[in-house]
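Thank you all for coming. I would like to walk through one structure this morning, taking its helices and a few individual residues in turn, so please have a look at it first.

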Amino acid sequence: MRVLVTGATGYVGSRLVPRLLERDHTVHAAVRREGSADHFPWVDDVELTRFDITEPDLVREAVQGMDAVVYLIHSLDSEDFLTKDREAAELVADACEQAGVGRLVYLSGLVPEGDLSDHLRSRLQVEEVFLGSSVPATVLRAAMVIGAGSTSFEILRRLTKRVPVAPIPTWMRSQLQPVTIEEVTLAVAGALEGEPRDRHYDVGGDDVVGYPELLRVMADVLGVRRPQATVPLVPKALAGRIVAAVTRMDRPTVVSLVDSLSHDLVCGERDAKRELLPDDYRSVPLREALGRSLDDDGAEGTSTAGDSLAGAGTDPA
């Protein structure tokens, strides 16, 4: 199958490409700039395709002749990401319809009940665009993705390392069902097999934890002691800015992610386990997943020989 992977040099895309190559897909890795994929171990095994969501002609050209398009683009680092993400999805959906693409696969976020944060609302808008198109679309909804280089994981790691006492806002008591990058890439690969599926799936591991418990497990795996203190009356926007400053990561992205922490992000159904994942696959337990994500020995996570949870020199700073 000819598969265009958008966001191929990003965190998820860089782990997905070797997974698809293992399954003998012809992978077209979408890149914005010439040379941006040169340092990835899979660069010689893919077709490099120019792709820029701000250039409609490039988008239409890139999807021509594709059997499937995997959409891994988000604009959380932009202040107006809600508008940008919706318009980008509309452009890609229209281009895929015109080109006769057989299926779309989109990595979205778990959708809780109640009022959504802008981050989750944006993910839902994009999946609604794809599910509303004439191209069959498989949407994978995931909460925190565990693996070295994942934005959510790196926030967790840096906070645990740098803050001697972990402050827990009173609104941060919701439940979370993390999923490993290994399980995500397996689910995407599974969505490319068999008849196209036009629906969304919730994707998550077996562990459901509150954020205080997640922080405790991370501290234990890192071998550090991090007492927790409940902090009342901390606005989510302020908490996001503080976390961005402590972790030294992109502020709009961090603020958007922290804004989602007041929601329960737990799978409502587990059909992906049965329909998309290998029959013998078992989710990686949380503690093991965190430990593997901290292991810097061995091959990089972007290579077919490496553990996809492991880090890589090409991971975002």
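Let me begin with what surrounds helix α1: the buried residues of this helix are covered by elements that include β1 (2-5), β2 (26-31), β4 (68-71), β5 (103-109), β7 and α6 (181-191). I should say at once that this is a predicted model, and everything that follows should be heard with that in mind. Helix α1 itself runs over residues 11-22 and is mostly covered, with 11 of its 12 residues buried. The buried residues are Tyr11, Val12, Gly13, Ser14, Arg15, Leu16, Val17, Pro18, Arg19, Leu20 and Leu21, and you will notice that two arginines, Arg15 and Arg19, are among them. Just after α1 comes Asp24, which takes a positive phi of about 70 degrees.

Tyr11 of α1 brings us to a second place in the chain, because Ser150, at 4% relative accessibility, counts as buried, and, leaving aside neighbours within four places in sequence, Ser150 is in contact with Tyr11 and Val145. Ser150 is found in the loop between β7 (145-146) and α5. If one asks how far the C-alpha atom of Ser150 lies from that of Asp57, 93 residues apart along the chain, the separation is 31 Å.

From that loop we pass into helix α5, residues 151-162. At 1.5 Å a residue, its 12 residues should span 16 Å, and the end C-alpha atoms are 16 Å apart, which agrees. The buried residues of α5 are Phe153, Glu154, Ile155, Leu156, Arg157, Arg158 and Thr160, and they pack against β7, α7, α8, α9 and α11.

Let me take one of these residues on its own. Is Thr160, in helix α5, buried or exposed? At 4% relative accessibility, Thr160 counts as buried, the cut-off for that word being under 20%. Not counting residues up to four places away in sequence, Thr160 touches Leu215, Met218, Ala219, Leu222, Val224 and Arg226.

Several of those partners take us to helix α7, residues 211-222, which has 12 residues and reaches 16 Å from its first C-alpha to its last, close to the 16 Å expected at 1.5 Å a residue. Within α7, the residues Tyr211, Pro212, Leu214, Leu215, Val217, Met218 and Ala219 are buried, and what covers them includes α5, β8 (166-169), β9 (175-176), β12 (209-210), β13 (228-231) and α11 (286-294). The residue that follows α7 is Gly223, with a positive phi near 75 degrees.

Now to the way helices cross. The axes of α5 and helix α8, residues 236-247, come within 9 Å and cross at roughly 75 degrees, which makes α5 roughly perpendicular to α8. On the α5 side the contact is made by Ile155, Arg158, Leu159 and Arg162, and on the α8 side by Val243, Val246 and Thr247; these residues divide into four nonpolar, one polar and two charged.

The other pair I want to show is α2, residues 56-63, with α3, residues 81-99, whose axes also come within 9 Å but cross at roughly 45 degrees. The two helices are therefore oblique to each other, and α2 passes α3 in a right-handed crossing. Here Pro56, Val59, Arg60 and Val63 of α2 meet Leu91, Val92, Ala95, Cys96 and Ala99 of α3, and the residues of this contact comprise eight nonpolar, no polar and one charged.

I will finish with backbone angles. Most residues other than glycine have a negative phi, so the exceptions deserve a look. Leu233, in the loop between β13 and α8, has a positive phi near 60 degrees, and with a relative accessible area of 82% this residue is exposed. Arg248, in the loop between α8 and α9 (251-259), likewise has a positive phi, of about 60 degrees, although it is not a glycine, and at 70% relative accessibility Arg248 counts as exposed. I am happy to take questions on any of these places.

How values were computed
Residues numbered from 1 in each chain as written. Predicted model: local features only at pLDDT ≥ 70, side-chain atom pairs only at ≥ 80, totals over all residues. Heavy atoms only, no water. Axes fitted to C-alpha atoms, helices over the stretch in contact; angles between N-to-C directions. Helix = DSSP H or I, 4+ residues; strand = E, 2+ residues; numbered from the N terminus. Parallel < 35°, antiparallel > 145°, perpendicular 65-115°, else oblique. Left-handed = near helix turned anticlockwise from the far one by under 90°. Contact = heavy atoms within 4.5 Å. Nonpolar A, V, L, I, M, F, W, Y, C, P; charged D, E, K, R; others polar. Expected span 1.5 Å × (residues − 1). Buried < 20%, exposed > 50% of the residue type's maximum accessible area, 1.4 Å probe, protein only.
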